[in-house]
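Visitor: Before we look at the model, could you take me through the reasoning behind the words used for it, step by step?

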Protein chains: 4
Amino acid sequence: MQTLNVGLIGYKFMGKAHSNAWRQADKFFDLKARPNLKVICGRTESDLRVAAERMGWSEISTDWRKVVADPTIDIIDVTTANDTHAEIAIAALNAGKAVLCEKPLGLSVAECKRMVQVAKKSGCVHMICHNYRRIPALAQAQRMIQSGDLGEIYHYRARYLQDWPADPNFPLVWRLQGKIAGSGAHGDIHAHIIDLGRFLVGEFAEVSGLLHTFIKERPLAAQSDGVSAKAGVKMGKVTVDDTAMCMVRFCNGAIGNLEATRFALGRKNGIQIEINGSKGSLYFDFEDMNRLKFYNNQDPADRRGFRDILVTDATHPYAGAWWPPGHIIGYEHTFTHTIADFVNAVAEDKPVSPDFVDGLRNQQILEAVEKSSKLRRWVSVPKILSWIP
Amino acid sequence: MQTLNVGLIGYKFMGKAHSNAWRQADKFFDLKARPNLKVICGRTESDLRVAAERMGWSEISTDWRKVVADPTIDIIDVTTANDTHAEIAIAALNAGKAVLCEKPLGLSVAECKRMVQVAKKSGCVHMICHNYRRIPALAQAQRMIQSGDLGEIYHYRARYLQDWPADPNFPLVWRLQGKIAGSGAHGDIHAHIIDLGRFLVGEFAEVSGLLHTFIKERPLAAQSDGVSAKAGVKMGKVTVDDTAMCMVRFCNGAIGNLEATRFALGRKNGIQIEINGSKGSLYFDFEDMNRLKFYNNQDPADRRGFRDILVTDATHPYAGAWWPPGHIIGYEHTFTHTIADFVNAVAEDKPVSPDFVDGLRNQQILEAVEKSSKLRRWVSVPKILSWIP
Amino acid sequence: MQTLNVGLIGYKFMGKAHSNAWRQADKFFDLKARPNLKVICGRTESDLRVAAERMGWSEISTDWRKVVADPTIDIIDVTTANDTHAEIAIAALNAGKAVLCEKPLGLSVAECKRMVQVAKKSGCVHMICHNYRRIPALAQAQRMIQSGDLGEIYHYRARYLQDWPADPNFPLVWRLQGKIAGSGAHGDIHAHIIDLGRFLVGEFAEVSGLLHTFIKERPLAAQSDGVSAKAGVKMGKVTVDDTAMCMVRFCNGAIGNLEATRFALGRKNGIQIEINGSKGSLYFDFEDMNRLKFYNNQDPADRRGFRDILVTDATHPYAGAWWPPGHIIGYEHTFTHTIADFVNAVAEDKPVSPDFVDGLRNQQILEAVEKSSKLRRWVSVPKILSWIP
Amino acid sequence: MQTLNVGLIGYKFMGKAHSNAWRQADKFFDLKARPNLKVICGRTESDLRVAAERMGWSEISTDWRKVVADPTIDIIDVTTANDTHAEIAIAALNAGKAVLCEKPLGLSVAECKRMVQVAKKSGCVHMICHNYRRIPALAQAQRMIQSGDLGEIYHYRARYLQDWPADPNFPLVWRLQGKIAGSGAHGDIHAHIIDLGRFLVGEFAEVSGLLHTFIKERPLAAQSDGVSAKAGVKMGKVTVDDTAMCMVRFCNGAIGNLEATRFALGRKNGIQIEINGSKGSLYFDFEDMNRLKFYNNQDPADRRGFRDILVTDATHPYAGAWWPPGHIIGYEHTFTHTIADFVNAVAEDKPVSPDFVDGLRNQQILEAVEKSSKLRRWVSVPKILSWIP
């Protein structure tokens, strides 16, 4: 069996999640090639050495350009800071590597367009890591919608709820600084439910959006527990949004209502999605990610109700590779599913979804929402671009 | 339309619940006769006068014998202390009245047998108020089991969970004194899930039971909040069971597991019932009484899950009389349903279920469980009696 | 004790719900006056006679003007078609009656303003029946927010979800015709979560709204089950919105996201409300109306979680009047609570909330949302009017 | 850092789960030694070669005696058929290896006693793999009970519910044959909730048990879907129990009610545990394994309710090693936690819990329940043995 040598650029949170998936994919799935965790790449050699050992990589490198240029490398996996995605991915594609890129694809529509152009020209396999598409419950949801179980779609109602900076005394970490983070809840988590809307329902036609920052100033460093910011505490300005939401008209006539926030105390990583169609409804919450609720209006009138489907059966997407029914899986498995499909696509040199075009579409919608929030009116999302080869 | 004059004996908790039902039944159901709240009867005239006004009765009486003897009275409703049920009900039946009797029917199997004999001989309509049978969700459950939706029944798993005396400092109220209350959790709440087992699954063949008292001594009077019983506090002996449970073999081969307790903190009036059959399962919890969960093994493999049926549709038992779908009803409505059916039975002089024989069967099972707990071994429940006319 | 004679105008769905509340209020609450169900008024005498009997009213009348003029009447309860509220309520106030008016107060802001002016001038007690404010769980929520349990409010997230016309073959009933119904989901159910937003969070500053009709044409009459509209079936135009939603900026800085739809299959009467603050969160769903979920960020870190509060305790609003803890109540009880508070206000000649000003505010917001939907941009909600005496 | 060479005996379901844990433990936990997946051992060389590759083992062996005798091996992990546990574990202990043994420890109390004696004499680290003790939610539950959050324990209520052979046409697989499987639901899943009862509440004093087989005959081979066993289909006898349950008196005065069944349609791997004490209650369901429900009776009266704790916080047991709060984990992680603790114990030569004595205690209770089921009366569980060195 063919071996595919992987170079992972980046080794923080996403590096940890991707590494686990690279290690685990061929332990549970019958892949068409064997991934080899060849080299992990970052800036600080000492940290990198620890990471390589901890995450199972054979070699380390502090120069991503060398990794990208290395002829023995087949795949480049980009999990670095957002502002470096474009440069690394483009170099890798130009070097003929298959590329898996963490979200966001790039920092702007302009940057994403360049990445798509290079990807198209290169003929290489390219994928963006929107791992939530491969939660078995959501893959099952998409399968059911495609097969017509819900009929015509009316509503897409999605929330992404977190709570980590909800306390006004939480300090001004880098994620709350626009220069470093790019954006707040909008790019970080709103982007996910925008992608899932495209995956489950279809293309966005226009949006009316709102971005808002609740806490405008925060302590520069962590304060002692529960103590309010006092005289003498140095404060800094929060320069990202705390919450982002939008109303949406989809091209197919469905209506969307999306909301992302970091200020929903008690919701740790809640992704609550409800889809209503003319024949049925679906409901999902990521905090309960092994379940999918399905209301089938075709059931007899006195026996109708949301079915609580435990998506752990061999008949469900991805689930059969793991454990018997009822033995649930977790967050990390969504990356393993993504990488399993990516490896198969690379092995067969076939396209895989979501790809860089999906990354670009996501960015177009994000920018439309931002523009709408500024202009305080509805804004159209650009049509799918005919210039894409 | 015929008017049926009602005499209610007793005006405490059950008197309040029955009165409400008598008032409401013909406001929501098309009854075959009109109930008239004629007289309410109790021992203390001053309290009774307040109760009559509050609960909507035209007259009061402090002598139940006079009420029973009154030729204008058609129905006697018995909600008095448990040790008076037999005497009043028998007198009423002998006077040719239709009788609705609160549970328990009597204090012993012997007493219940006499009541059944008189009821059978009298030819009057007789009913025991096991109101939980007329929760729409449970009436729907029974309908589904009868129609074969669950196939052959394997398991009846029932809990009745309360928590009011779980704090060891809770005082020795009358319900915890055997002389007054007769029994504890066993007769009070275990009796309900025993009745529901007979309603939903069938007759009990044999039981292995356990009765237990956790807190053997309690303060005679209420202590100040949260304070442990201290030196100087007068203590008294708890003479009823705190919890009662049993394993059951049903006549039809099903297996039961029942448990009732007053020591489940956080469970206020939880009646949790699960029934598993060869084709499907049902789940119910009284704290969420407008819902019935139904697992249908005939659904396609990847779309199976417990359906969360909101039992408020016009196609569901009793629900159509009330409000539109999704507008839930509550505890008191179960009495209204009971009395609506009772009134119709009396108007048409037809039998209604559950009747005094069901009250007797319940008592036979209660005593079998007590005997089993004492003997520490399995005990048979008597067969249905052939002597019943 | 004083008796208050009530004249009920209207006897359909809301008439049934109000009648029940008038009958039941003094059976469970210690009122400061006794309501007497004196006269029920409508147009069709035969139907009215049945309704009076069924709903417990002593007299009937087919002329609301006579009822309003009747000096023995103390209270006028208006549950007629929306386009008659203003005329009847104004006449009643001018006749010195206390007035309870179903929602909507009037058909337009202009009409509502006139009603408020008359109400203020009359000195009579006036109330609008937004009964959902008196669900015990929501009254408890408001109490907790007022007492600071949630800290500063960030988010108000509310859904009102129904499904009755989601099937495209559902016929063109009057509620789907603008001329008769005034509006669709917007005025019918969006209005409720707008009112609850004002009740729980505060005044609305500005809105960005969307009204949409999914099914533009429907069969004029009900078709046989499941059959698609075929050639030959006469179709008519739907002239109301199927869904209405808005993003909101509250005056106090909170952000709202509201959505009402009749196209959410499986949601019968779902009112899902989540409020996030700096110290905690609350969640409520009307289909589970006896429960309130509360996340308290002050709990120890490893013991935090949404508390599932069964709002049936004597310490909770209204609950003590009914049954012991865990014995749940239903939809109709919210009207009983409303009328109990209204009777007490009338007896003591004191203001009660929500009143006609709340009805006006609701209408102002509804119109702002409509305007925003048409203009496709944010629209300000008028400030509270200084001209109100 | 020290390396510990591991020999895994067995490569089926449990072999897969253990292998994953051996691979993953040092990727997420800071272990005190590094486990090396040296050799995997089984009977069929071809299958074994595939398994070694798939599961990450360096070498294969078809002779467990050689593996046990190999001086380079530090740890023997036993996941073979139940009837071989004793022989392998004893040989490994005698060879001075640390031993991790899958449940059951042995086939009988007699066999378990011998294993305990050898383990004690050997001075080696020994552990039984009751992995469910290391579900973060249950580890948290035990921590809370130990710290007194629940006060005195009254009730342990546990269900283990599966449904795979609930269809009477399901064929007579090896797990339903006593000769091969030893026992049915009793040894397979009842054993787990017995172990959790000891872990969470304490030692069992006496039991009243019931074992039952619903379907006494089954087709010898799988029949075509949904077809009833027909004339001509060869049937065989089911020789294990389908369900096992018991009532329990714990030594500390708590009362237990346990039930395990394979006949609960819709319950795939439901382990539902409720514990009620004098100060609070806990609830857990394995199908929702990242959550723990906690009722705290010390909360203010109107704010009490079961808290829905998402056990994914860094303050919770094991959770901090994985992902941020709200990013859930699954079934396989319980093995990783077990093996992480085992590796640390071996590295430091310290005892670890649960050990072989816990395996023996479990077997003693299983046999007491079987005896009780046969004798149809209560049976005492032996006291903790004084002869253990």
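Visitor: What makes H8(A) a bent helix, and where does the bend lie?

Guide: In this predicted model, the bend at a residue is the angle between axes fitted to the seven residues ending there and the seven starting there, and for H8(A) that angle is about 40° at Ala191(A).

Visitor: How do you know what span to expect of helix H8 of chain A?

Guide: The expected span is 1.5 Å times one less than the number of residues; for the 16 residues of H8(A), residues 185–200, this gives 22 Å, and the 21 Å from the first C-alpha to the last is close to that value. After the helix comes Gly202(A), whose phi is positive, near 140°.

Visitor: Why is H8(A) called mostly covered?

Guide: A residue counts as buried if 20 or more other C-beta atoms lie within 10 Å of its own, and 14 of the 16 residues of H8(A) are buried, so the helix is described as mostly covered.

Visitor: What makes S16(C) and S16(D) a pair of strands, and in which sense do they run?

Guide: Pairing requires at least two bridges between the strands, and S16(C) and S16(D), each spanning residues 306–310, have 3 bridges, so they pair, and they do so in the antiparallel sense. Within this pairing, Arg307(C) stands opposite Arg307(D).

Visitor: How many residues does each chain bring to the contact between chain C and chain D, and which strand of chain C gives the largest share?

Guide: Each of the two chains brings 15 residues, and on the side of chain C the largest share, 5 residues, comes from strand S16. That side divides into 5 nonpolar, 4 polar and 6 charged residues.

Visitor: How do you know how chain C and chain D are related?

Guide: A turn of 180° with a shift of 0.0 Å along the axis lays chain C on chain D with an RMSD of 0.0 Å, and the two copies are therefore related as by a two-fold rotation axis. In chain C, the C-alpha nearest that axis belongs to Arg307(C), at 2.0 Å.

Visitor: Why is it said that these copies meet through the same surface?

Guide: Because 100% of the interface residues of chain C are also interface residues in chain D, the copies meet through the same surface.

Visitor: What makes up the contact between chain A and chain C?

Guide: Here 31 residues of chain A are in contact with 31 residues of chain C. On the side of chain A, the largest share, 4 residues, comes from S12(A), and by class this side has 14 nonpolar, 12 polar and 5 charged residues.

Note on methods: Residues numbered from 1 in each chain as written. Chains lettered and ligands numbered in written order. Predicted model: local features only at pLDDT ≥ 70, side-chain atom pairs only at ≥ 80, totals over all residues. Helix = DSSP H or I, 4+ residues; strand = E, 2+ residues; numbered from the N terminus. Buried ≥ 20, exposed ≤ 12 C-beta atoms within 10 Å, placed from the backbone. Contact = placed C-beta atoms within 7 Å. Nonpolar A, V, L, I, M, F, W, Y, C, P; charged D, E, K, R; others polar. Least-squares fit on C-alpha atoms with pLDDT ≥ 70 in both.
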